[in-house]
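I opened this notebook page to record how the chains meet and how the aromatic rings are arranged. I begin with a single side chain and work outwards from there.

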Amino acid sequence: MGRLGYSILYVFLAIVAVIQVFPLVWLFMFSLKDNSEIFGLSPFALPTDPKWENYVKAWQGDIGLYFFNSIWITVLAIILTVILASMATFAITRMQWKLSGFVLILFMVGLMIPVQSALIPLFSMFLGVNLIDNPLSIVITYTTYNLPITMMILLGFYYTLPREIEEAAVIDGCSINRLFFQIILPMTTPVMSTTVIINMIYNWNEFIFVNTFINSNKFKTLTVGIQNFIGQYQTDWGPIGATLIISIVPVLILFFFFSNKVVEGISSSAVKG
Amino acid sequence: MKKVMSNKLMIALYILPALLLIGVLIYVPLVLTGYYGLMKWDGIGDMTFIGLENYMEAIKDEDFWSSASHSFLLAVFSTLSLAIYLIISLILASKIKGSDILRKIYLIPMLLSSVAIAQLWIKVYNPINGMLNSLLMTLGVDNPPAWLAEPDIVLYAIFIPILWQYAGFYILIYYAALKNIPETLIEAARIDGATAWQIAYKIKLPLIMGVVKVTIVLAIVGSLKYFDLIFVMTGGGPNGASEVMASYMYKLAFASYDFGYGSAIGFLLLVITLIVTVIIQKLTESKDELQY
């Protein structure tokens with residue numbers, strides 16, 4: 001292919017990149033404008049005098065509280081998911097029992113089902129045990145619904161671990177618990193970190209469970225919290241933009257530093273389908 | 001060795017916590033949703049068994065069928081858009097400098113919450129000050145539409161951010177599959193005088209067909225159960241014009257407190273998704289899977 005051909009391809013790829021990113025750049029620009037600038041001047045104009053006070057205004061709502069809730073719920077659910085998924089994957093791939101294949105299918109089918117179909121019964125079950133409007137319901141739902149995807153990412157790694165590891169450990173009189181927690185689990189650190197990052201993105205962005213199970217403002221996470229906040233500020237674009245930027249910056253920072261892990265996690269969560 | 005690794009108690013200890021969670025919080029609710037569908041129930045008070053009445057009602061319910069048709073339309077658009085993603089990936093994987101950074105840039109929208117994407121695109125589509133209409137007016141379009149308020153347009157207007165959100169995901173998967181093709185195969189074809197187009201169409205495409213099939217299933221199933229972005233952007237409106245199956249179910253249960261009928265719709269959503277999954281997998285199953 002000639003130089004001209006390649007140039008055309010580059011222009012095409014660059015246009016796609018602009019389409020993917022420009023709405024976010026535009027969001028950042030209007031987060032630094034006031035209404036007279038937003039409504040009076042071209043939406044593509046750079047902010048003349050950046051209004052950082054929009055961010056102060058956004059933070060004065062309960063964004064700080066929602067931010068804190070998102071962090072602790074996300075972290076707690078990740079810890080539970082990764083430990084339970086690692087234990088289950090270990091039992092399925094490394095231990096010998098008849099039903100392991102069937103149990104694996106049970107987990108993998110969990111990837112296909114529409115979450116919404118389970119929503120009404122989940123709501124009534126949580127209502128029955130008094131967990132509606134309790135963040136515990138969110139933590140255990142996140143943990144459960146992320147188990148299949150987490151196990152899917154872990155599986156490949158566990159299958160490739162050499163059998164000799166267990167043999168040597170068992171001959172040395174090592175118990176299953178020591179074998180798992182002190183030998184196997186540390187070996188899976190690379191793939192575990194991938195699952196941590198994928199879980200982080202999922203939990204941070206989750207909306208429908210919190211929207212359904214949580215009523216009190218004090219337990220809301222960022223997604224639901226900003227949705228309500230924006231409802232009150234319909235016409236004041238600057239603080240809305242600032243709020244949205246605040247909510248997406250953590251994920252963008254994560255992506256900036258761990259983009260390879262994110263790419264790895266997203267591809268391995270889909271390849272086997 | 002064998003004895004230790006097949007210790008029943010230890011196996012139970014390792015598998016049961018996770019298994020109990022998915023059993024109680026995924027499988028039990030899926031069965032219950034079918035069961036609640038047989039009830040008249042407001043979610044709080046007593047249930048009354050009414051047999052298949054809710055399901056019969058659903059079959060006659062025009063709002064349900066219109067929401068289902070919107071879900072299927074999204075599935076069609078998502079599947080067709082895969083062709084564009086495939087073309088982009090083919091270009092990206094053909095010795096382009098900076099392909100690594102480009103595919104990461106494409107992935108960015110996929111990392112954002114549906115709430116953030118929805119709120120951003122509400123602003124993009126704002127009739128007067130939105131990015132889109134400002135651009136159109138600069139280009140000389142006099143009366144650009146109020147995208148999210150027009151019943152004939154709203155559904156397509158919502159499809160755009162959904163496709164925008166997932167583009168990077170599919171490009172990533174195709175790119176990875178294309179990079180897995182041994183370089184020697186491509187070289188051999190090139191030496192035999194094959195053009196870039198022939199290499200793409202006759203060699204690369206057949207070799208990644210397995211992955212393409214997986215993405216077709218993902219796109220269709222994902223579309224049928226799609227919910228978040230539509231719920232936040234329009235809530236299914238105006239007047240049901242952008243309602244999909246999942247948002248219709250949600251509205252019935254959590255806005256109209258018709259938990260019985262909502263559950264029936266939720267169960268139909270499950271059944272439809274499963275049937276369609278099986279059908280596509282049968283359709284795309286080929287006897288002579290290519291190997292390399």
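**Entry 1, a buried ring.** I looked up A:Trp204 and found a relative accessibility of 9%, so I entered A:Trp204 as buried, the cut-off being under 20%. I keep in mind that this is a predicted model, and that each value here is computed from it.

**Entry 2, its partner.** I then asked how the rings of A:Phe67 and A:Trp204 are placed relative to one another. Their centres are 5.4 Å apart and their planes stand at 80°, so I noted the pair as edge-to-face. I traced the two residues along the chain and found that the pair links distant parts of chain A, with A:Phe67 in helix H3 (residues 53-94) and A:Trp204 in helix H9 (residues 189-205), 137 residues apart. For A:Phe67 I read a relative accessibility of 19%, which also counts as buried, because the limit is 20%.

**Entry 3, a pair between chains.** I went on to A:Phe207 and B:Phe231, which form a tilted aromatic pair at 6.0 Å centre to centre, with 50° between the planes. This pair crosses between chains, running from A:Phe207 in the loop between H9 and helix H10 (208-213) of chain A to B:Phe231 in helix H12 (residues 228-233) of chain B. I checked the accessibility of both partners: A:Phe207 is buried at 2%, whereas B:Phe231 is partly exposed at 24%.

**Entry 4, the wider ring network.** I followed the ring pairs outwards and found a cluster whose members include A:Phe123, A:Phe207, B:Tyr35, B:Trp41 and B:Phe231. Over all chains, I recorded a count of 38 aromatic pairs.

**Entry 5, the interface.** How many residues does each chain bring to the contact? I noted 87 from chain B and 92 from chain A. The area buried between chain B and chain A comes to about 8,200 Å², of which carbon and sulfur atoms give 79%. In chain B, the residues that lose the most area to chain A are B:Met5, B:Tyr14 and B:Leu111, which together make up 10% of what that side buries.

**Entry 6, polar and charged terms.** I searched for salt bridges across the interface of chain B and chain A, and the rule finds zero, while the count of residue pairs in polar contact between these chains is 22. Helix H2 (residues 8-36) of chain B gives the most to the side of chain B that touches chain A, with 19 residues. I divided the residues of that side by class and wrote down 62 nonpolar, 17 polar and eight charged.

Notes:
Residues are numbered from 1 along each chain as its sequence is written. Chains are lettered from A and ligands numbered from 1 in the order in which they are written. This is a predicted model: local features need pLDDT of at least 70, side-chain atom pairs count only at pLDDT 80 or more; totals for chains, interfaces and linings use all residues. Side-chain values use heavy atoms; hydrogens and water are left out. Contact means heavy atoms within 4.5 Å. Buried area is the accessible area (1.4 Å probe) that two parts lose on being put together, summed over both. A salt bridge is a side-chain nitrogen of Lys or Arg within 4 Å of a carboxyl oxygen of Asp or Glu. A polar contact is a pair of N or O atoms within 3.5 Å; within protein, one must be able to donate a hydrogen and the other to accept it, and residues adjacent in sequence count only if both atoms are side-chain atoms. Helices (H or I, at least four residues) and strands (E, at least two) are DSSP runs, numbered from the N terminus. Ala, Val, Leu, Ile, Met, Phe, Trp, Tyr, Cys and Pro count as nonpolar, Asp, Glu, Lys and Arg as charged, and the others, Gly among them, as polar. Rings of Phe, Tyr and Trp (its six-membered ring) pair if their centres lie within 6.5 Å; planes under 30 degrees apart count as stacked, over 60 as edge-to-face and the rest as tilted. Buried means under 20% relative accessible area, exposed over 50%, partly exposed in between (1.4 Å probe, protein chains only).
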